[in-house]
Amino acid sequence: MSSLKLAVPSKGRLQEQTFEWFSTRGITLERTGSGREYAGQVRGVSNVELVLLSAGEIPRELAAGRIHMGVTGQDLVAEKIPAWETQVAQIAEMGFGHADLILAVPSFWADVESIDDLDAAAAAFRKAHGMRLRIATKYHNIVREYLRREGVADYQLVDSQGATEGTIKNLTAEAVADITSTGDTLRANHLKILKSPPVLASQATLFSSKLANWAPEAITARAEILSCIGAKNG
Amino acid sequence: MQANARAYLEGGRTGAGLAALRAEVGRLMAGFTANAAVTVEPAALLSADILIDLYGEDLRARAYTTHDPVLGEQMLRPDFTVPVAQMHLESGTAQGRYAYAGSVWRRQEPGSARPVEYLQCGFEAFGDANTAQADAEVFAMIAEALRNAPVAPVTGDMGIILAGVSALETTPPRKAALMRHLWRPDRFTRLLERYAAPLSQSENRSALLSALRGGRLEDYLSTQGPAIGLRSVSEIQKRAEILLEDAETPPIPPAQVALLERALAVNAPMKDAIKSLRRIAAEMPAITPAIDLIEARAEAISAFGIDGFQLPFEASYGRTSLEYYDGFVFGFTAEARADLPQIAQGGRYGALTRALGRETPAVGGIIRPEALLALGGPQ
């Protein structure tokens, strides 16, 4: 069967909001089976198969062309797909799942407010400690590209896959680059956000793969989806 | 890519194609060793720490890294300059000349047609006493190797910007900050603009500085948050003192900034470039020794049978490269072939040897033999 494979997050609030977003646009996504089973169906458009995947895996599947369309965060697409614009198209920003990738430093660093300050502090830190200032993150590609663009030197990225805000207190990093929505976790860990636009402002977004096998049925199904959600074919 | 293809050369990995490439590499190496260079072959796998300390985290986006549980993070040789310089510094001798040929590996942007593996054939000279003469010799050697190729030379000299920055009427920390970003022109320009403008201060910054002036810095910091992490209160105090000095520093006079910008914009045949720079030096005498060196070098190049005063000179050339060039810089470009990289390039890099632990005069250059053959160059 050459249906269109649409991937949505496999659980949680992001899935609920995705279902709501499609439902208000006349497309019903629903889970089938026991509720624990990762299976689902689509009503309102024909020839669309629902695939439930972890949001973190959806970018990879889009880039590989194993799914035609998918809902995931812009941050994940930017981090996991090099030159993502060449491999996936952004169809619609969905207005939820907002998260900013930001740089944060200890609040008591009263001398560091901007990215320029961070650069200057990194130079002094390297002189004082004989190592480059460590920034903990899991978004290596986005952060490195951002710091290159901003002309920051004398830093190093250290990998942190979770509890990133704790790395400074644990002396494994001096600064962090992480996703925040409200900033509560940062404040609780005595960190402040640098006063500059976020490294990346992200939200849940519907993407389309440029590398999937777009059979005629899949193209028709996509046109139906686009017409329901009021997006342009592109 | 076909298994038989290599950088810029179809069929360069078998039979006649490979034989032609090997002959070309042999020809280039013979030219270098005829100039008293010792042949060296640095390791292909290098310690990532040293390279990243020199070039910064950006290098990770440009070079391939791999991990060894015992040796730690390793990098596939992105360049010969660092391992050859290390070989020389470890030798303990004052002078040394080295020739090498081998692959380097560079990650490329997604979608880029640039090869990720290509050959470099190069020459490095350490410990020369006469800067102009050694610069000229390396330039002439590379030019000679490219004699019949349709390439155009370009030259520059980082000495102009180095002297220009040290001549600015401003504080040592400001000069140091500018020097640190010589190789990042955008950030350099932003810094220079900020230092030339009247100070604008955020509320937080004013509060910090007034706390420092009033001797209440530690109390002030504790109102901001607990002292967590490796960067200590005394480090913040040190930087706050620099910020205070900076806040009391008058802007760099706009006329000086304009003069420096004028010097960096010079782009003309060497003879005219020297004249323009001399006119600028009338108001900025600090760049005179750098101009004298450019002139002496042009004369030394002319002694090799190349009219040094007709070579193109761009004062900003060499500022965006991966290298730590801090003096003479040059390149040879195939203008008719936008698909090819620079066919050859080189320069002087004392700052790199300083960062490696023993400052010594160092100048060198590389040729890309595959690109040269693809251009239909000398064979």
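User: In this predicted model, what makes residues of H10(B) count as buried, and which are they?

Analyst: A residue is called buried if 20 or more other C-beta atoms lie within 10 Å of its own. In H10(B), the residues that are buried are B:Ile236, B:Arg239, B:Ala240 and B:Leu243.

User: How do you know that the buried residues line one face of the helix?

Analyst: Viewed down the axis of H10(B), the buried residues fall within an arc of 110 degrees, and therefore they line one face of the helix.

User: What covers the buried residues of H10(B)?

Analyst: The cover includes helix H4 (115–129) of chain A, and also helix H8 (203–213) and helix H9 (217–224) of chain B.

User: How do you know that the span of helix H10 (residues 233–247) of chain B agrees with its number of residues?

Analyst: The expected span is 1.5 Å times one less than the number of residues. For the 15 residues of this helix that gives 21 Å, and the end C-alpha atoms are 20 Å apart, so the two agree.

User: What makes residues of chain A and chain B count as being in contact, and how many are there?

Analyst: Two residues are in contact if their C-beta atoms lie within 7 Å. On that basis, 29 residues of chain A are in contact with 34 residues of chain B. H4(A) gives the most to the side of chain A that touches chain B, namely seven residues. The residues of that side divide into 17 nonpolar, six polar and six charged.

Notes
Residues numbered from 1 in each chain as written. Chains lettered and ligands numbered in written order. Predicted model: local features only at pLDDT ≥ 70, side-chain atom pairs only at ≥ 80, totals over all residues. Helix = DSSP H or I, 4+ residues; strand = E, 2+ residues; numbered from the N terminus. Buried ≥ 20, exposed ≤ 12 C-beta atoms within 10 Å, placed from the backbone. Arc of directions from axis to C-beta. Nonpolar A, V, L, I, M, F, W, Y, C, P; charged D, E, K, R; others polar.
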